[in-house]
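Q: Please take a close look at one part of this structure, the aromatic side chains, and set out how they are arranged and how exposed they are. Then place that part within the rest of the chain.

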Amino acid sequence: MTLPEHLVDSNQSRKLLGRRLILAIIIVLVANITFGVWFFFISGSDIAIGNSDKYLPPDCYSINGKQICPHKS
């Protein structure tokens, strides 16, 4: 016994729609995880919170959070 052609096409399109939906969900999840890892680890490493040593002018140093620049004579 064979099914009518319109029923076979309907089942195939539902399977294809289901596979595309699963693929779209996987892509969205991977993109979210990638963005989360990038945001918290990679971009966070460039921000020095409370550390001004990274942005000191030349010939200056920091002791106990105070910037010290020797006077040139």
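A: The answer begins with the overall layout, goes on to the aromatic side chains, and ends with the remainder of the chain.

The model is predicted, not experimental. The protein contains one helix and two strands, and the order along the sequence is α-β-β. Of its 73 residues, 3% count as buried. The accessible surface amounts to about 7100 Å², and carbon and sulfur atoms account for 66% of that surface.

The aromatic side chains come next. There are three aromatic pairs in the structure. One of them joins Phe35 and Trp38, with ring centres 5.9 Å apart and an angle of 35° between the planes. This pair is classed as tilted, because stacked planes would have to be under 30 degrees apart and edge-to-face planes over 60. Both residues belong to helix H1, which covers residues 5-45, and because they are three residues apart there, about one helical turn separates Phe35 from Trp38. Trp38 is partly exposed, and its relative accessible area is 42%.

A second pair is made by Phe39 and Phe40. Here the ring centres are 5.2 Å apart and the planes stand at 85°, so the arrangement is edge-to-face. Phe39 is also part of helix H1. With a relative accessible area of 43%, Phe39 counts as partly exposed. Phe40 has a value of 61% and counts as exposed, because the limit for that class is over 50%.

The residues of these two pairs do not stand as separate groups: Phe35, Trp38, Phe39 and Phe40 make up one aromatic cluster. The four cluster residues also appear in a nonpolar surface patch, which is formed by Ile33, Phe35, Val37, Trp38, Phe39, Phe40, Phe41 and Ile42. Together the patch residues have about 920 Å² of accessible area. The partial exposure of Trp38 and Phe39 and the exposure of Phe40 fit membership of this patch, because a patch residue needs over 30% relative accessible area.

Now for the part of the chain that follows the helix. The loop between H1 and strand S1 (61-63) holds Asp59. The phi angle of Asp59 is near 65°, which is a positive value in a residue other than glycine. Asp59 is exposed, at 57% relative accessibility.

Beside Asp59 in the sequence is Cys60, one half of the disulfide. The disulfide count for the structure is one. It links Cys60 to Cys69, and the two sulfur atoms are 1.8 Å apart, inside the cut-off of 2.5 Å. The torsion about the S-S bond is about 115°, so the disulfide is right-handed. The two cysteines fall into separate accessibility classes: Cys60 is buried at 16%, while Cys69 is partly exposed at 34%. Cys60 falls in the buried class because its value is under 20%.

Cys69 is placed in the segment after S2. Setting aside neighbours within four places in sequence, Cys69 is in contact with Asp59 and Cys60. The end of the chain thus meets the exposed loop residue as well as its disulfide partner. Leu56 is 13 residues away from Cys69 in sequence, and their C-alpha atoms are 9.2 Å apart.

Strand S2, residues 66-68, includes Gln67. Gln67 is partly exposed, with a relative accessible area of 47%. Apart from residues up to four places away in sequence, Gln67 touches Leu56, Pro57, Cys60, Tyr61 and Ser62. Among these, Leu56 is 11 residues from Gln67 along the chain, with 7.6 Å between the C-alpha atoms. Cys60 therefore occurs both in the contact list of Gln67 and in that of Cys69.

To return to the part asked about: the cluster of Phe35, Trp38, Phe39 and Phe40 lies within a nonpolar patch on the surface, and it includes one tilted pair and one edge-to-face pair.

Technical notes. Residues numbered from 1 in each chain as written. Predicted model: local features only at pLDDT ≥ 70, side-chain atom pairs only at ≥ 80, totals over all residues. Heavy atoms only, no water. Phe/Tyr/Trp six-rings, centres within 6.5 Å; stacked < 30°, edge-to-face > 60°. Helix = DSSP H or I, 4+ residues; strand = E, 2+ residues; numbered from the N terminus. Buried < 20%, exposed > 50% of the residue type's maximum accessible area, 1.4 Å probe, protein only. Patch = residues over 30% accessible without salt bridge, like charges linked within 9 Å, V, L, I, M, F, W, Y side chains within 5 Å. Areas by Shrake-Rupley, 256 points an atom, 1.4 Å probe, with all protein chains shown as cover. Salt bridge = Lys/Arg side-chain N within 4 Å of Asp/Glu carboxyl O. Contact = heavy atoms within 4.5 Å.
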